Each structure stands twice: as C-alpha cells, then as structure tokens.
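Q: Please take a close look at one exposed spot in this protein and its surroundings, and then walk me onward from there. I am in my first year, so plain steps would help.

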Amino acid sequence: MSGWTAPAIAVQSLGQNPFPDLPAASEDGEPPIIDDEEFDATIPPIDPDGPMGTVEEWDAEQSRLDEAARLRSDGSIAPPGPPGETLSDPLEIDAEIEAPLEPLASFDVEPFDESQYTEADDTPATSVRYSYRLEGLNAPNADGSSAKDAPSVASVRARFEDLSALDDGNGRATNGAMVSARMLEDQQLLSDLLIGECFFDATVNGAIELPESGTGPMVVVLTASPGPCYRLGTITFDAPAVEPADLITRSFVPATGEPIDAERILAAEANIAVVMPQQGYPFAQIGQRDILLDPQTVTGDYTLPVTPGPRSSFGDILASGEAVFDADHIALLARFDKGDLYDSRLVDDLRKALVATGLYSVVAVRPEQTGTPAPDGTQYANLAVDQQAGPARTLAANAGYGTGQGIRAQGTWTHRNLFPPEGALIASVVAGTQEQGASATFRRSNAGRRDRAVELSLSALRSDFAAFEAFTGRLAGRVSYYSTPIWQKRLTYSYGFELLGTNEQDFNFALGRRDRRTYYVAALPGQVTWDRSNDLLDPTRGFRLSAQVSPETSLGSGTQFYGRGLFEGTVYYPVGDSIVLAGRARVGSIMGAEREDIAPSRRYYAGGGGSVRGFGYQELGPKDPDNRPIGGRSLVEAAAEVRYRFGNYGVVGFFDAGQVSTSSTPGFDDLRYGVGLGGRFYTNFGPMRLDVATPIARRPGESRVSIYISIGQAF
C-alpha cells in the first residue's frame, strides 16, 4: 500500500439553498457546523503513489492544522473550544451532601419481603396424556423379504421398550413440547437399534396424532422403514502372521453370510483382544474396523487391523512401589515359571493371589517389553508389580446359634505380616452360653509354596455341653495345603500333631454317677480331600470325597492306643438353572480302645446344624440314666437337600438321618430322622443360612423344633 485513503463520506443534497450567503441549513433548520469548502480545505492532499506516512507525522500534521484553525487576527491562539465560549461558574454544593452521615443504628431497617415474587405457584401443573405405537417393522423390504424374517429384528421392539423415553414417561408429560422431545429422542433410538441390527438403510419418521374429539390422549407414531438386512461379505484381518496361524480367525466367531449385528461384531473383537494375551501376545492392539457396504449385493466387507506385537514368554518379576513382598515371594505365588509362554489368565491369577493376602491397598501387575530373546522364538516380557501396602491388622467377629450349642460369638485380632513374609499372629476369644476360651496362633501362609500354611497354636477352652463338661488345654501344629475361592484344587491335604490335657466330666456306669477324669492325649491327625465340585463355597455340581485319620494315645487310667477315622462324601446335581439336588454321607469309627477309656471330647456324636438337623448339638446316640448323651465309637449320617435359588435368595428342603453306636462298627438299627426347611441369603462370600427342623418320632427330652443360623451351606 503506497498511501492511505480517507473513508468515503456520502453527503446527500436536500435541494437548492435559498440563502446563498449563508451556509445551507441542516434537516432540523440549523446551519451546518462546517460548510463543504471548509471541509475540503481541511482534508490533506492525497498522493496515491507517495510513501505511507508514519503515525508521528500524522499526529504532527493534525496539531499544526488545529493551531492554524485557532489562529486569531492579532496573532494569538484561541483556547480549544468553540469561539466565544467561556467557562460557567462552578455548581453550588448542596448543604445536605456536605453534612455528616447519621449513625446506622438510627435507621429503621426492615428486610425486604420477596416471598411474593419467589413463592411457588400452588396451582397444580397441567399434564398431557399420550400413547405410542411402532409401525413398519413387519413391512416388506426392498428385496421382497419381510423385516421379521431377519432374526435380529425380533429383539428390536423389546430393546426399544427397555430404552424408550416415551415408554419411561408412562404416558404422561408436562406439555406437548416434552412429548415432541421424547418422540425425537426415540426416533434416533429406534434408528440406532435398527442400524445396529444390520439394517443400515433404516429410516424412522415420527408423527403426533391429536384426538379428533379434542379430548383423550395424543398418539405418537414412529414409522420405521428398516430396509434390507446387510450381511457379512469378505472378512479380512490386516495383521502379520501369528502363532498358531488361525489364532485371530478362530477367535472371531461371526461368519460370512451372517447379519452384521453390531453387538456380535463388538463381542468378537473383544474376544480377539482377550484371547491373544492368553496365547502369548500381551501387547496386542485392535485397530478401528472398516465395513464397506455394497447396496447391490446387500453385503458388507469387513476389515479389522490387528497389531499383535511380539510373541512373548514370562520374564522376570519386578517389584516397585511401597513393597510388601520382594520379587522372590511374589514369584512363589505365581503359577508359572520364567520362560513359560505368556498367558494373561495366569497374570490375573497372580494379581488375585496378591490381593487375597489382605496386605495390599492397591496392587497392579502389567507386562513390559524387553526385546530379549526367549525360548521358541519369543521375547521375554517382564512383569512389573506396583505395590501399595494396606493395613496389616484386622479385628473380626462372628456369631451363631444352634439348638444344644447355644449362642456362640468369637472375636479375633490378627496381624497378618508380623513375621514377614506373611507370618501372622492371631489372638482369638470365644464367648458363649456353653463355650468360653482363648487362643493364640502363629500362621505362615504360602510357606515355601502357594496355598501351603504352617500353623502352631495354643488354646484354653471351657466347654459345657449336655454330653460332657471339659476344661481343655491344647498345643497343636499343622501343615496344610488348601483350596481357596481363587484356586480350587482337586487334591488338598493336612497333617500335624496335637497335645491335649483335658479334665472332663463323664458318667461312670461302674459308680452309677458322673465322675471327673483327667486325660492326656497325643494325636497325629491327617486329612486328604478329593474335590471335583464346581465351587468351594456354594457348589452346584460335582462331588467331594474326604478322609480323616488320627492315630492317638491316651494317658489316664493306663495307656491306650487307638485310631479315629472319619470318611465323608458329598454330591451335587443341578436340575435346571435354579434347582440343585445335594446329598451327603458320613461314616466314622474309633478302633483300639473301649468307650470309657476315650476322653468324652474325642468320641463321636451326632445332631446339630452340621450333622443331623432336627436334634440338638451332640444329642443323638447312647445316653446315660439322666438322658444325657455319652458319645460312641462309631457314627453314620446321611442327608439330602433340594436347593431352590431365586436371585439372591433361596429355599431349601432337607431330610437328615444318623446314628451313633457304642461299638466300633457303624450300626443302622436305630437310625433317627429329621426334616425341615431353610432359607438362604446369597452374598459374595457365601450363603447365609437359617434352618428350622423337627425330629421324626420325637422321643422324651427332645425339642419339637430346632433352629440353626450360620454362614455357608450345611455341606
């Protein structure tokens, strides 16, 4: 730009000036402030080809012109402003303005009552009523087929009703605008549902029909034109070669010729993302799909890019963060070894095992690429374990009630990592109507092997049951390999030792009265369980077999050597989705000593919530002249249940049977039976149980009704 141009000012002429000696008047009759000649004289000359001036030069030129305009004939310069204008006298200041302010306390301040503007209108709000209907879903398609012929369209109406804004409104709205808004929302919903079900050409129109009589509900009509159902054409995966070669294709379930169902496609893609890390590809990434629709063939060619990343094997475990365990102990919990093919399920299992220790507030396990070659052409993938310690101490309590056993409450204090790693100290107190005691236990979890525990406990207990009264001190140790909800094992076992000193009251048939004796018992108990059930806490199918054997010696009136054995089997069989048939059989025997030489607390008893329901705790079996149970040397029990579950609740009908004999050979000549009903409330840690039972052919001294409250199924 070589110069500047003044803005054009349009001057509209209003006619010939009747007074040529005076400036032309403006529209309101006043003469103009400046005439045209004077205006043109003040405009500086413009040279389009000249150089552009600076701002400073422009300001200097304007100042010169202002002084020239104010130059008087006598050579003096007039002050700014119109000629002859003088300043007026200053305004008078009101005396009240100058007066000091009055104190605030002298004012009568009344709050402004705005309730007349803010109170809600008590007039009941009017509402409009409406109904709606869907049309066109069963109309013929462009290819001559009916929309209802496509299997996917059958679910559109049901899903629409679940998500519809019109349906949620229950036929009422504040006004017609709200009805219209719901209609527009449902138009889009129905269109999305149809497109998601393979009808990519679908259109939906909405209309509102007003009642002819002026009264009654309006009707919203959604008319759908689904169009043809597009089906999968070619299916292509844009990915390099993987092992096995069909890993991606076999993980994608939809096949050519099937409807392009959005949910089914998304589920198949998610399945690829899940399966690949399970088969050695922890860094696999799924790209954005592309579906090329062909209206002529009514098909869609599907392409999915997949970046598998390096095929990997497990590498080292790297511990970071606020360390609870070192890498060696974490590796002890893993169910894989370095060099094994990477499997994300085993990584999830490790994370769950870490959480199950109860020592973390947060723990995360993620793979990291190393680029280091591993066996079978793979690369090592290290596992980074980011740890954040949680509280190691807990207080816990539980309580229960059983007929014959009374109320029993137990409280425990546990420090789960007092002796790292996972060396816990457990202090426990038992308080009940018939049991009182205390114990201290040292427990090392995951001792040299996952889910193997080493325990050493010392306890003192007072028991006062109908069968016996005892003061018992116990020192015991045990090594156990056990199942958990995370990892339910087929084979579990335990073995250990027990040293008992117990003073117990028993009926002495030789003296004809109850008598006290002190027993010193040493035992080597062991147990093995074979578990083929499908759930540790609430099995619905499968079976379990268990055997307990304990060689013991009793020091009291001479030395007695004997053996205790108990064998149990349970079976679970589902009938439909909500009914389970369950059964249990148990048989036990003590061989090598007479009943009188065995401490009452070491004999067999039956009756109670975990035995034969309908009877009190330890109530079944031979009795003394006072009708109190004395225990026996053999035991046989059986139970059958029908379990019906609905949601988080359940009902159980059961039939139990059992007998205790004085001989070491189990007998069936005096079986007792109990029958009852129970309720279940299912939680994430197992069902809570309430059973009510009654004995069949009740005998004197036996309760008509027995109640059992506990956690977990009876078996």
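**A loop and the parts around it**

A: Gly 592 counts as exposed, because its relative accessibility is 54% and the cut-off for exposed is over 50%. Keep in mind as you look that this is a predicted model.

Where does Gly 592 sit in the chain? You will find Gly 592 in the loop that runs between strand 23 (579-591) and strand 24 (634-646). Leaving aside residues up to four places away in sequence, Gly 592 touches Gln 560, Phe 561 and Tyr 562. Another residue to find is Pro 551: 41 residues separate Gly 592 and Pro 551 along the chain, while their C-alpha atoms are 9.9 Å apart.

Now follow that loop onward to Tyr 605. Tyr 605 is buried, because its relative accessible area is 11%, and the cut-off for buried is under 20%. The ring of Tyr 605 forms an aromatic pair with that of Phe 468. To picture such a pair, you need the distance of the ring centres and the angle of the planes. Here the centres are 6.1 Å apart and the planes make 45 degrees, which is described as tilted. Phe 468 belongs to the loop between strand 16 (452-464) and strand 17 (469-481), whereas Tyr 605 belongs to the loop between strand 23 and strand 24, so their pair ties together parts that are 137 residues apart in sequence. Phe 468 also counts as buried, with a relative accessibility of 6%. The two rings have company: ring pairs join Phe 465, Phe 468, Tyr 605 and Tyr 617 into a cluster. Across the whole structure, a search finds 18 aromatic pairs.

One more stop in this loop is Asp 624, which also lies between strand 23 and strand 24. Is Asp 624 buried or exposed? Asp 624 counts as buried, because its relative accessibility is 5%. The side chain of Asp 624 makes a polar contact of 2.9 Å with the side chain of Arg 514. Besides Arg 514, Asp 624 touches Phe 507, Phe 509 and Ile 630, again not counting residues up to four places away in sequence.

With the loop in mind, let us move to two helices. Helix 9 (residues 262-278) has 17 residues and reaches 25 Å from its first C-alpha to its last, close to the 24 Å expected. At its N-terminal end, Asp 261 acts as a cap: a side-chain oxygen lies 3.1 Å from the backbone nitrogen of Glu 263. Among the buried residues of helix 9 are Ile 265, Ala 268, Glu 269, Ile 272, Val 275 and Met 276. An α-helix has 3.6 residues a turn, so residues three or four places apart point the same way. The cover over the buried residues of helix 9 includes helix 8 (247-251), strand 8 (299-307) and helix 11 (344-356). Just after helix 9, Gly 280 has a positive phi of about 100 degrees.

Helix 11 is the next one to look at. Its end C-alpha atoms are 18 Å apart, which agrees with the 18 Å that its 13 residues should span at 1.5 Å a residue. Asp 343 caps its N-terminal end, with a side-chain oxygen 3.0 Å from the backbone nitrogen of Arg 345. Its buried residues are Ser 344, Val 347, Asp 349, Leu 350, Ala 353 and Leu 354. Helix 9 is part of what covers them, and so are strand 10 (360-373) and strand 11 (379-389). Just after helix 11, Gly 358 takes a positive phi of about 75 degrees.

Those two strands make a hairpin with 5 residues between them, and Asp 376 in the turn has a positive phi of about 60 degrees. Strand 10 and strand 11 run antiparallel and are joined by 10 bridges, and Pro 373 stands opposite Gln 379.

Finally, find an open sheet of 4 strands, ordered 2-1-4-3 with mixed pairing. Its edge strands are strand 2 (172-173) and strand 3 (203-209), and each pairs on one side only. Helix 7 (residues 176-196) packs on this sheet, touching strand 1, strand 2, strand 3 and strand 4 (218-225).

How values were computed:
Residues are numbered from 1 along each chain as its sequence is written. This is a predicted model: local features need pLDDT of at least 70, side-chain atom pairs count only at pLDDT 80 or more; totals for chains, interfaces and linings use all residues. Side-chain values use heavy atoms; hydrogens and water are left out. Two strands pair if DSSP finds at least two bridges between them. Contact means heavy atoms within 4.5 Å. Axes are lines fitted to C-alpha atoms, for helices over the stretch in contact, and angles run from 0 to 180 degrees between N-to-C directions. Buried means under 20% relative accessible area, exposed over 50%, partly exposed in between (1.4 Å probe, protein chains only). The expected span of a helix is 1.5 Å times one less than its number of residues. A polar contact is a pair of N or O atoms within 3.5 Å; within protein, one must be able to donate a hydrogen and the other to accept it, and residues adjacent in sequence count only if both atoms are side-chain atoms. Rings of Phe, Tyr and Trp (its six-membered ring) pair if their centres lie within 6.5 Å; planes under 30 degrees apart count as stacked, over 60 as edge-to-face and the rest as tilted.
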